[in-house]
Amino acid sequence: MNQGKLEEFMQMAPTFTAAQKGKAPEVAEVPAKALPPPGPSRSRRPYPPAARTINAIFSIDPIAHRQAAEVGGISEQHASSIPLTFCSKDLPHRGNQHNDPIVVVARISDFDVQRVLLDSRSAIDILFESAFLQMGLKETNLLRAGTTLLVFSGERVRPLGFITLPVSFGDDDGHAISMVNFAVIRAKSGCNAILGRTTLNSFGMMISTPHLCMKFLTSSGVTIRGDARQATRCFQIAAQLVVDQMDLRETQSVTPQEGVISVALEGEGSSKIVNVSSYLNKKQQTEVTALLSKYIGVFAWSPEDVIGMYRAVCEHHLNVFQAISPIAQKKRVMARERQDAIKEEINKLLGAGYIREVQYPRWLTNVVMVKKANGKWRMCVDFRSLTQACPKDTYPLPRIDTMVDCTVGYEVMSFLDAFSGYHQIWMAKEDKEKTAFITDYDTYCYNVMPFGLKNAGATYQRMIDAIFKGQRGRNLEAYVDDILVKSKS
């Protein structure tokens, strides 16, 4: 959903009568006479000003209902013979060395809505609830339908409803307008709206992601350029949403759960604490605590305790396609608060030996700072360019439902979480400098496998399977860095 990759409807898409499609939303800023008839129309009349700009952070319309129209006095037959081409003049200032999606400003109803994603892979047009509410619309304006959407992650989402609104692009030299049937979704996203392939086709849009722009025909021909800054903002918001989901434990202080007691292995006041079930009797608790204390050196309590995996067992290879040229990004400007957070994180990584300074790297990327739920900053490295240059590792991950079934009948279970799991695997020597990233202080590369690489999960699972080859399925289950030890007595 965050990236706008929606699949086809899981159920039959709702059908709308002509009266329903032409009904204007009850909004003070949008007079009924301003709504055009269904179908795209193009005009050279002055582009009307927007009532307001929507900058919120947070339908399948049958083709038969979309009416053909002339293109600014150009007949449809003649318009189809006019080529739409992209050349070097259409490239953004930084050239085609980018991987940004096309994010634009669209006139929806009477509002300029920022961060609208053009996604030709989406089968439906989406308007997120945050933008819907800022437009002054209410749920009473929605047409209810028992439709379920299937998003790219496999999750099923039920829209709040559907609403038909005019969408236009262009300027005073030429613009086009079309009625679009939006599904209103209650979900957090980096975008305010997503225009799918049905709407893109209705405008006759041609999209070029290397040129970061789209074109469609009017009497003057219109070129709409994507906003690289807004695309980056979408990525940052999406990354922050992911981090918020990852850091649920940091939203509140860690307290023992019901049925669990905390035990300090080295006596009272020690920071080496484990949680033991309170349902064990005194003898069992004493035996478990004694066992953990005996093997206290097995556990990693700080980054310095992580010595890394033997290279003969596992190391991470990138296998970059030889035909792809290295991409070196220019350094992004960071505010002072973020620079301080970067410096603190860099010092931690250097102290643990996870990164080192590097000179003259051919691959170079930036860091992205994302604020966590507890107000602190998390430093992420934008490896999108690098991951797109690597093939996918098809090593299989275990099925979670099968693992759960394998625990049936076991009375005692111990849950283990690998400390800085990914950082225990070394990068292949020839691939270290490909992970280079730039900061205000220096340029660094990873000695160990960082988070964010394409096949990091597969590499870690391969290591786990190699280490616990004789135990997986017998007395142990493992999914990446989450390990369950099980016993029947």
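**A chat about salt bridges, cores and a sheet**

Biologist: Is Glu 129 buried or exposed?

Modeller: Glu 129 counts as buried, since its relative accessibility is 15% and the limit for buried is under 20%. Please keep in mind that this is a predicted model.

Biologist: Which residue forms a salt bridge with Glu 129?

Modeller: That is Arg 186, and the closest N and O atoms of the pair are 2.9 Å apart. Glu 129 belongs to helix 3, residues 129-134, while Arg 186 sits in the loop between strand 10 (174-185) and strand 11 (193-195), so this salt bridge ties together parts that are 57 residues apart in sequence.

Biologist: And what about Arg 186, buried or exposed?

Modeller: Arg 186 is exposed, because its relative accessible area is 52% and exposed means over 50%.

Biologist: Which other residue forms a salt bridge with Arg 186?

Modeller: Glu 139 does, with the closest N and O atoms 3.2 Å apart. Glu 139 lies in the loop between helix 3 and strand 7 (149-151), and Arg 186 in the loop between strand 10 and strand 11, so here the parts tied together are 47 residues apart in sequence. Glu 139 itself counts as partly exposed, at 31% relative accessibility.

Biologist: Which residues are linked in that network of salt bridges?

Modeller: The network links Glu 129, Glu 139, Arg 144 and Arg 186.

Biologist: How many salt bridges does the count come to?

Modeller: The count comes to 18 salt bridges. One of them joins Asp 465 and Arg 472, whose closest N and O atoms are 2.5 Å apart. In that pair Asp 465 counts as buried, at 15% relative accessibility, whereas Arg 472 counts as partly exposed, at 29%.

Biologist: Changing topic, which residues touch the most other members in the largest nonpolar core?

Modeller: That core has 42 residues, and the ones touching the most other members are Ile 355, Met 379, Phe 437, Tyr 446 and Tyr 460. Two or more residues each come from helix 7 (336-352), strand 19 (365-371), strand 20 (377-381), strand 24 (443-446), helix 10 (456-467) and strand 25.

Biologist: Why would nonpolar side chains be buried together?

Modeller: I can only offer the general tendency, which is that nonpolar side chains in soluble globular proteins tend to be buried together.

Biologist: So what is Phe 437 in contact with?

Modeller: Setting aside its neighbours within four places in sequence, Phe 437 is in contact with a list of residues including Ile 346, Ile 355, Leu 364, Val 367, Met 379, Val 381, Tyr 444 and Tyr 446. Apart from this core lies another one, of 32 residues, with Leu 118, Leu 165, Val 180 and Met 214 among them.

Biologist: You mentioned strand 25; which strands form an open sheet with it?

Modeller: The sheet has three strands in the order 21-26-25, with antiparallel pairing. Strand 21 (412-417) and strand 25 (476-479) are the edge strands, each pairing on one side only, and neighbouring strands are turned by 15° against each other on average, direction ignored.

Biologist: How many bridges are there between strand 25 and strand 26?

Modeller: Strand 25 pairs with strand 26, residues 482-487, over four bridges in the antiparallel sense. To find one of these in the structure, look at Tyr 479, whose bridge partner in strand 26 is Asp 482.

Biologist: And the protein overall, how many helices and strands has it?

Modeller: The protein has ten helices and 26 strands, and of its 489 residues 44% count as buried. Its accessible surface comes to about 26,700 Å², of which 52% belongs to carbon and sulfur atoms.

Definitions and conventions:
Residues numbered from 1 in each chain as written. Predicted model: local features only at pLDDT ≥ 70, side-chain atom pairs only at ≥ 80, totals over all residues. Heavy atoms only, no water. Pairing = 2+ DSSP bridges. Axes fitted to C-alpha atoms, helices over the stretch in contact; angles between N-to-C directions. Core = buried A, V, L, I, M, F, W, Y, C linked by side-chain atoms within 4.5 Å. Buried < 20%, exposed > 50% of the residue type's maximum accessible area, 1.4 Å probe, protein only. Contact = heavy atoms within 4.5 Å. Salt bridge = Lys/Arg side-chain N within 4 Å of Asp/Glu carboxyl O. Areas by Shrake-Rupley, 256 points an atom, 1.4 Å probe, with all protein chains shown as cover.
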